[in-house]
Amino acid sequence: MRLLNTDYRNYGHITDMLAKELHCITAVLIPVSCMWLSFISHASEIKSQNTSRASQQSEQLENRAFVASVSGTSPALVNTTSEQIRLATGEGYYPYVSQRLPQGGWSQALVAGTFLEMGHKVDIHTLPWSRGQMWTEEKRFLGTFPYVYSAQRAEKFFFSTAINYISVRFYVAKTSNITDVQQLKNKRLCLPFGYSDDFVDDGVVEKLNLKINRVLDGAACIGHVQRGWSDAGLTNSYVSLNEVSNNRLNDSELRVLPTDLEKVDLHFIISKSYPDAHAWIEKFNHAFNTLSKDGRKDAIDQKFMQLIDLQ
């Protein structure tokens with residue numbers, strides 16, 4: 001019994017010591033924890049500020065369409081009384097629209113030069129094609145480019161004189177062993193939705209009796225031909241001259257046939273709903289004609305043709 005009492009006293013003494021030590025440790029840890037939490041909070045705030053600042057800088061380095069891609073909201077109505085005119089173009093249409101070429105591409109250089117002749121600088125936004133066309137129709141942009149003429153599109157837009165033209169060619173799968181246009185007779189041609197029906201109804205497509213497979217866009221056509229779901233797709237002759245203009249095409253098992261099918265004009269377009277739209281397209285045509293007569297257009301054309309050959 002005495003042993004048990006002694007054990008209890010010792011146990012009580014040890015417990016008291018542990019409690020005191022725990023109290024001291026707690027007294028030290030609480031301030032340290034508060035300081036650490038304060039540091040974490042401050043670091044998090046600094047990181048958040050830096051992230052926000054980096055995000056803002058990144059947005060400024062992106063193309064000028066970042067408002068559309070981030071917020072999804074359309075820009076305000078364009079103001080044509082200002083010195084700088086807001087225009088839209090599309091994404092990745094080498095060599096007519098390309099971030100790999102000076103001035104944003106061949107068509108962009110010609111349009112900017114034309115507006116400069118008209119007395120205006122331009123603020124050109126790169127957008128998905130359908131969005132650029134829609135917002136141009138809604139008068140968020142004065143105009144957009146480059147577009148192929150179609151009767152359906154002409155119901156809503158005025159077309160400028162042709163600023164460029166496309167040399168249209170077929171591309172096929174290398175595994176198909178097709179090396180000549182005539183071998184495509186009665187085959188399947190992939191076309192994106194919205195591609196000009198005027199081209200489909202006339203010319204070589206009709207003569208070859210091609211069955212049309214419609215897909216979302218040009219990239220989907222490339223996948224179609226790669227998988228053998230279509231026998232051919234359409235591209236422009238410059239793709240075969242530029243090995244990095246479309247990685248999915250040139251890095252794949254596809255080949256571009258050497259024959260130009262036809263030349264298709266590209267235009268600057270303005271919505272018919274825009275005030276004085278017809279007058280604007282006439283001014284554009286007049287300025288573009290001036291560039292053509294005095295040699296400035298030819299200088300731009302030669303510059304880009306040389307750049308394409310060097311690619």
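**Figure 1. The whole chain holds 11 helices and 10 strands.** Helices (H or I, at least four residues) and strands (E, at least two) are DSSP runs, numbered from the N terminus. This is a predicted model, in which local features need pLDDT of at least 70 and side-chain atom pairs count only at pLDDT 80 or more, while totals for chains, interfaces and linings use all residues. Residues are numbered from 1 along each chain as its sequence is written, and side-chain values use heavy atoms, with hydrogens and water left out. The chain has 311 residues, and 39% of them count as buried. Here buried means under 20% relative accessible area, exposed means over 50%, and partly exposed lies in between (1.4 Å probe, protein chains only). A contact means heavy atoms within 4.5 Å. Among contacts in the chain with a separation of 6 or more, 76% come from residues 24 or more positions apart.

**Figure 2. Strand β1 pairs with β2 and with β3.** Two strands pair if DSSP finds at least two bridges between them. Strands β1 (residues 84-89) and β2 run parallel and are joined by six bridges. You can find one partnership at Q84, whose bridge partner in β2 is K121. From β1 the chain passes through α3 to reach β2, making a right-handed β-α-β crossover. Right-handed means that, with the strands pointing away from the viewer, the path from the first strand over the helix to the second runs clockwise. How much of strand β2 (residues 121-126) is buried? Five of its six residues are, so β2 is largely enclosed by the rest of the structure.

**Figure 3. Strand β3 has β1 as a parallel partner and β10 as an antiparallel partner.** Two bridges link β1 and β3, and in β3 the bridge partner of A88 is T144. Two bridges also link β3 and β10. Look again at T144, because it stands opposite I269 in β10 as well. 

**Figure 4. Helices α3 and α10 cross.** Two packed helices are described by the angle between their axes and the distance between the axes. The axes of α3 (residues 106-117) and α10 (residues 277-293) come within 8 Å and cross at roughly 100°. Axes are lines fitted to C-alpha atoms, for helices over the stretch in contact, and angles run from 0 to 180 degrees between N-to-C directions. The two helices are therefore roughly perpendicular to each other. Angles under 35 degrees count as roughly parallel, over 145 as roughly antiparallel, 65 to 115 as roughly perpendicular and the rest as oblique. On the α3 side, L110, V111, G113, T114, F115 and E117 take part, and they meet W280, F284, A287, F288, T290 and L291 of α10. The residues of this contact divide into eight nonpolar, three polar and one charged. Ala, Val, Leu, Ile, Met, Phe, Trp, Tyr, Cys and Pro count as nonpolar, Asp, Glu, Lys and Arg as charged, and the others, Gly among them, as polar.

**Figure 5. V111 is a buried residue of helix α3.** Its relative accessibility is 0%, so V111 counts as buried. Which residues does V111 touch, not counting those up to four places away in sequence? They are L87, F145, I163, F268 and F284. V111 and I163 are 52 residues apart along the chain, and their C-alpha atoms are separated by 7.9 Å.

**Figure 6. S160 sits in the loop between β4 (157-159) and β5 (164-173).** Is this loop residue buried or exposed? S160 counts as buried because its relative accessibility is 4%. Leaving aside neighbours within four places in sequence, S160 is in contact with H267, F268, I281, F284 and N285.

**Figure 7. Two cis peptide bonds come just before prolines P95 and P146.** Most residues other than glycine have a negative phi, and most peptide bonds are trans. A cis bond joins Y94 and P95, with omega about -5°, and P95 is found in the loop between β1 and α3. Another cis bond joins F145 and P146, with omega about -15°. P146 belongs to strand β3 (residues 144-147).

**Figure 8. N186 and D276 have a positive phi without being glycine.** For N186, phi is near 70°. N186 is in the loop between β5 and β6 (188-192), and at 51% relative accessibility it counts as exposed. D276 has a phi of about 60° and is found in the loop between β10 (262-271) and α10. D276 is exposed too, with a relative accessible area of 59%.

**Figure 9. Helix α8 (residues 218-227) has buried residues and is followed by a glycine with positive phi.** The buried residues of α8 are C221, I222, G223, H224 and V225. After the helix comes G228, with phi near 85°.
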